[in-house]
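Thanks for making the time, everyone. I would like to walk you through one structure this morning, going from a single pair of residues out to the domains and then back to some local details.

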Amino acid sequence: MRILVIEDERKVASFIQRGLEEERYIVETAADGELGLDLALNNHFDAIVLDVMLPKLDGYAVLQAIRGAGKVTPVIMLTARSTTEDRVQGLDMGADDYLAKPFHFEELAARLRSILRRSSTEKTTRLTCGELSLDLVTHFAYRNEKEIELTTKEYALLEYLMRNKDRILSRAMIMQHVWKHNFDPESNIIDVYIKRLRQKIEKPGQQQLIQSVRGVGYRMRDAVGIDDGTGDEDVE
Ligand code: CA
């Protein structure tokens, strides 16, 4: 999942970024309201952490512009002030949650999981595909009870594929949901990561779960077929 953090205090921004990356999110940061708004309007994010006191454009103005553009991305607002009036203003303007500084990272992480669950159609903490399951809290994948450890990027890629099981996902869609916005769209990085992921989740003799769709991208299915050792299969 991709998270945008709009926060001008560098120490706070990097504290949040590090923590979220450990939780396997793909994180982008913006140090002022204008840049944050531009990123929010022109890219896909699964959630936004938005500070209220920001240079150029404050958090309320950023939120108003995001909602005004019809974007429903969940937003958690951060503020040093925590009067009832501030909280009400943020919530009335379309914020999904509110957190007063200083806060414990664990609380931000839990609230983020909560708003992501609310915005997702399924309220689950575990995704499954055939014999494979993915725990959205511990970030481990399991196949036949065996634990599979994933890097941040592998996790983000697998989660996106599993949330969209049975759907053909183009490389452009995968790029937009799993990589940072300034990534070179011409690179073959997605194919490289799909290959690594397959080595972890599809062992010889097991059902393959990730299907290559020639000229388009990939699709995750409960059962694609058994690997016959000839390498990746292609589907027209
Ligand atoms: Ca600030």
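**From one ion pair to the domain interface**

Let me begin with Arg 2, which forms a salt bridge with Glu 28, where the closest N and O atoms are 3.7 Å apart. This pair joins distant parts of the chain, since Arg 2 sits in strand β1 and Glu 28 in strand β2, with the two positions 26 residues apart in numbering terms, that is, 26 residues apart. Please keep in mind throughout that what you see is a predicted model. Over the whole structure, the search finds 16 salt bridges.

Now to the domains. The domain assignment of the chain gives domain 1, covering 2–119, and domain 2, covering 126–235, and the contact between them takes twelve residues from domain 1 and 14 residues from domain 2. Measuring from C-alpha centre to C-alpha centre in the model, the two domains lie 29 Å apart.

How much area do domain 1 and domain 2 bury between them? The computed value is about 1200 Å², and 53% of it is on carbon and sulfur atoms. On the side of domain 1, the residues that lose the most area to domain 2 are Arg 2, Arg 24 and Ile 26, which together account for 51% of what that side buries. So much for area; what about polar pairing? Between domain 1 and domain 2 there are six residue pairs in polar contact, counted with both residues at pLDDT 80 or more, whereas the salt-bridge rule finds zero across this interface.

As for which elements supply the side of domain 1 that touches domain 2, those giving two or more residues are α1 (10–22) and β2 (26–30), and β2 gives the most, with three residues. By residue class, this side of domain 1 divides into four nonpolar, three polar and five charged residues.

One residue of helix α1 that I would like to pick out is Gln 17. Leaving aside neighbours within four places in sequence, Gln 17 is in contact with Val 27, Thr 29 and Lys 180. For Gln 17 and Thr 29, the separation is twelve residues in sequence and 7.6 Å in space, taken from C-alpha to C-alpha.

**The calcium site**

Which protein atoms act as donors of the calcium ion? They come from Asp 8 (OD), Asp 51 (OD) and Met 53 (O), and they lie 2.1 to 2.3 Å from the ion. Along the chain, these donors follow the spacing D-x42-D-x1-M. Asp 8 and Met 53 again link distant parts of the chain, with Asp 8 in the loop between β1 (2–6) and α1, and Met 53 in the loop between β3 (47–51) and α3 (59–68), 45 residues apart.

**Two backbone details**

Finally, two points on backbone geometry. Lys 56, which is also placed in the loop between β3 and α3, has a positive phi of about 75 degrees although it is not a glycine. The other point concerns the peptide bond from Lys 101 to Pro 102, which is cis, with omega near -5 degrees, and Pro 102 is found in the loop between β5 (97–100) and α5 (105–119).

That is where I will stop, and I am glad to take questions.

Conventions: Residues numbered from 1 in each chain as written. Predicted model: local features only at pLDDT ≥ 70, side-chain atom pairs only at ≥ 80, totals over all residues. Heavy atoms only, no water. Domains from an automatic or database assignment. Contact = heavy atoms within 4.5 Å. Buried area = accessible area lost by both parts, 1.4 Å probe. Salt bridge = Lys/Arg side-chain N within 4 Å of Asp/Glu carboxyl O. Polar contact = N/O pair within 3.5 Å; in protein donor to acceptor, adjacent residues only side chain to side chain. Helix = DSSP H or I, 4+ residues; strand = E, 2+ residues; numbered from the N terminus. Nonpolar A, V, L, I, M, F, W, Y, C, P; charged D, E, K, R; others polar. Donors = N, O, S within 2.8 Å, 3.2 Å for Na, K, Ca; no water.
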